[in-house]
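Thank you all for coming; I would like to take you through one model this morning, beginning with its overall form and ending with its sheet.

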Amino acid sequence: MSQVLAYLDATIDGLTAKLEAEGKAPNPRKRFALAAMRLARRLCDPEVVTAWCGVATPFELLNAMGVPACYPEFIGGVLASAGLVVPTLEAAEQCGYSSDSCGYHRAALGVITSRLLPPPRLFLATSQPCSAGMYALESASRILGRSPFVLHVPTDRSEAATSYVTRQLGRLVLHVSAITGRRLAEADLAEAILASNRTRASLVEVFERCTDVPSPIRSTELKNLGIVLPLFFGTAEAETVAGAWLDELRLRAERPPKTGERLRLLWLQNRLQFKSKLIEDLETDYGAVIVADEFNDITWPPLDPENPLQSLAERILFHPYSGTAEVRIAHLLDLVRRYRVDGVINPCHFGCKQGTGSRGLIERGLRRAEVPVLNLEVDCIDSRNFSEGQVRTRLQAFVELLLQRRELSAEVLP
Amino acid sequence: MAVLYACSFAPLALFDAFGLTSRRLVPSAKDPAVAGGMLHDNLCGHVKGVLERIFSWPDPQDLFLVVVSCDAMRRMADALLETWGPARVLVLDLPVCPDEEGMRYFAASLIKLGQRLTELTGRPLHAHALYRSLALRNELAEHLERLRGQVHTEGVRTGPAGAMNVLRELTDLPVGEALERIDAFLAPPPLPRDPNTVPVYLFGTIQPDPRYFDLVVEAGLAVTGLGTCDAYRPHEVAFALAPELSTPALLEAYASALLGRSPCPTLCRCERSSTLVAHHLAAAHACSARGAVLLTLKYCDPYLAKVPELRRAFQEANCPLLVLEGEAGPNLPGQARTRLQAFAELLTARGVA
């Protein structure tokens, strides 16, 4: 615990000092990192009532009720970036959790079994994007003798499914109220929904600007944004981060940064969370830029303040990860088209039935559209089995192939 | 036209009511790479094995029902939708929490499935046909209680005459024939269990390779209680029926009965259901087991997530638990044989002590 706190406090202090020193500059990446670290710090405070949730949880509801919340992927990601994840993985494995399971989930279970962080009061599991995450949260709650709330998100996208999820969200709010003693005030929910819509509007423009050729962003700048920012939806922090990115990109449009972009890549699912220079090196050495991340996209319309629960239910149900693989592939092809991507990298996060489970289907779906795909087989947080040299060689070979492909097509085209 | 399925929550009575044959696809274990190439090698052997069978399925008229209960089943639905197309693939979402809300949604899903079957077969769903098929399934569920008693008395026999084999046969037979089959099996009085064997409770996932059962028996263990996914669960649970009920009301009652079956690891704890761990501990106790064997499959997230809790609970109950993590494939791991023999020795030594 002390190592984690030391890391978080030092990082927060460092980021705060830099932001103060740099005055009014947007500094979106630092603001985003600061928000994430502050959230992680709140999760470490034994006096604060916190929630561990499934990724599909609508965090507007929890934020409106003043409950800081996260999901196992956030915990695993923060610990991996701090270089502190391995002991938690080992703790879970020593308790009998299979090393074949997802590293993010195992890390969260290791945090619980080793009592690394204060235990959350609430467990709100969701069956999407993966049922494995739901089992992990259920298991964690049982260790602590707590009852989880489980949100079932069917693959069906009918009106009946929307009503079903909407009713469950109503029960989720009651569950949180029963445990925390806090009511969800109508005015707080309305404000959270409006704030979420403002964040959404900024992000729509941010991601639209990122489709420019050459890309206004570098490969690692938007890392984790689309997956972590939803934790803050409905808060001023999310608005600040999204607004800072928008300001930054508007400034860059006026003074475009110099770029050596030769190839445009799309990264699927999660990035590598532990420290590695691979992606930066790819950009420096080959001009291969990750211009798009699968999660950096807005796939839902503005939320309806008159029907907040229903519109949140629709956002969950219509997320590309909630439907069939065909839906997800259609979304990927749309990203490929909008970002004018040359190739796709699928990390195939070990143990993940979305990442690895759909590998073959995604590969075929993209290849049918003549989009080259590289399937890596990595664990995004567990560096113990990571062979950097091997992955580097595969990435380099893929990029060289794409460059040749581009040269060939340039010769053929007038 | 038959409806193929691979999950114990498949609504067989609904298929019966349409006059459709239903067949459970027991996974093949010959070449897991077939499905591995389609999806990924790191998927559970059950899904890979079922897909292997489907990809070589001879009848292009047959339908397949995927009950979406876990990530691997979702991926199976994806693979099937890609290869067979939506016209032949029926998808049924299984609520993760068998509470009132989940039951209502499941009932609505069954009504929708019935409408889809009407479209596909051109036959309407009549309440009286549904009532009759539910009544027959109820009867089968009651017979299975007798089978459970017989297994408790004499232990599971292996080979073609074994209880496990009969249970698997039932999933392939029309309900009327299934009743005859189980009657014939139960006609001879049970034999006394060999006193030199040690009674154990065997539970876990469906096993693509039935030779695991042979290994258990060869090690000198008598399986006096069965709790694998493909044992009794596809035929549980008998429930009260009234002939005057409408089709939706019958399907609501059926949905409730289906979700009330013995706990599946894909379902989460909620107020209405007993926990998986409590269920298996009670079942082990009920069959006078001196130990328990949990058969899991590599990459089966639902069971593997519960292994630590099962270990703790069985340890606290002073009931030794052996966990075997199998993988579908042509070769049986020799390690499983050795571990089962060692487990049998341990249980025997404890009995003597």
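What follows is a short walk through the fold.

Please keep in mind that this is a predicted model, in which local features need pLDDT of at least 70 and side-chain atom pairs count only at pLDDT 80 or more, while totals for chains, interfaces and linings use all residues. Residues are numbered from 1 along each chain as its sequence is written, chains are lettered from A and ligands numbered from 1 in the order in which they are written, and side-chain values use heavy atoms, with hydrogens and water left out.

Chain A has a radius of gyration of 21 Å, which agrees with the value near 22 Å for a compact globule of 414 residues; the radius is taken over C-alpha atoms, and the rule is 2.2 Å times the number of residues to the power 0.38. Of those 414 residues, 61% count as buried, meaning under 20% relative accessible area with a 1.4 Å probe, protein chains only.

The secondary structure of chain A comes to 16 helices and 8 strands, taken as DSSP runs, with H or I over at least four residues for helices and E over at least two for strands, numbered from the N terminus.

How are the strands of the open sheet ordered? In chain A, 4 strands lie in the order β2-β1-β3-β4, with parallel pairing, where a pair needs at least two DSSP bridges. Strands β2 (69–70) and β4 (149–151) of chain A stand at the edges with a single partner strand each, so one side of each lacks a neighbour in the sheet. Between β1 (residues 51–53) and β3 (residues 122–126) of chain A, 3 bridges form the parallel connection, and A51(A) stands opposite L122(A) in β3(A).

Methods
Buried < 20%, exposed > 50% of the residue type's maximum accessible area, 1.4 Å probe, protein only.
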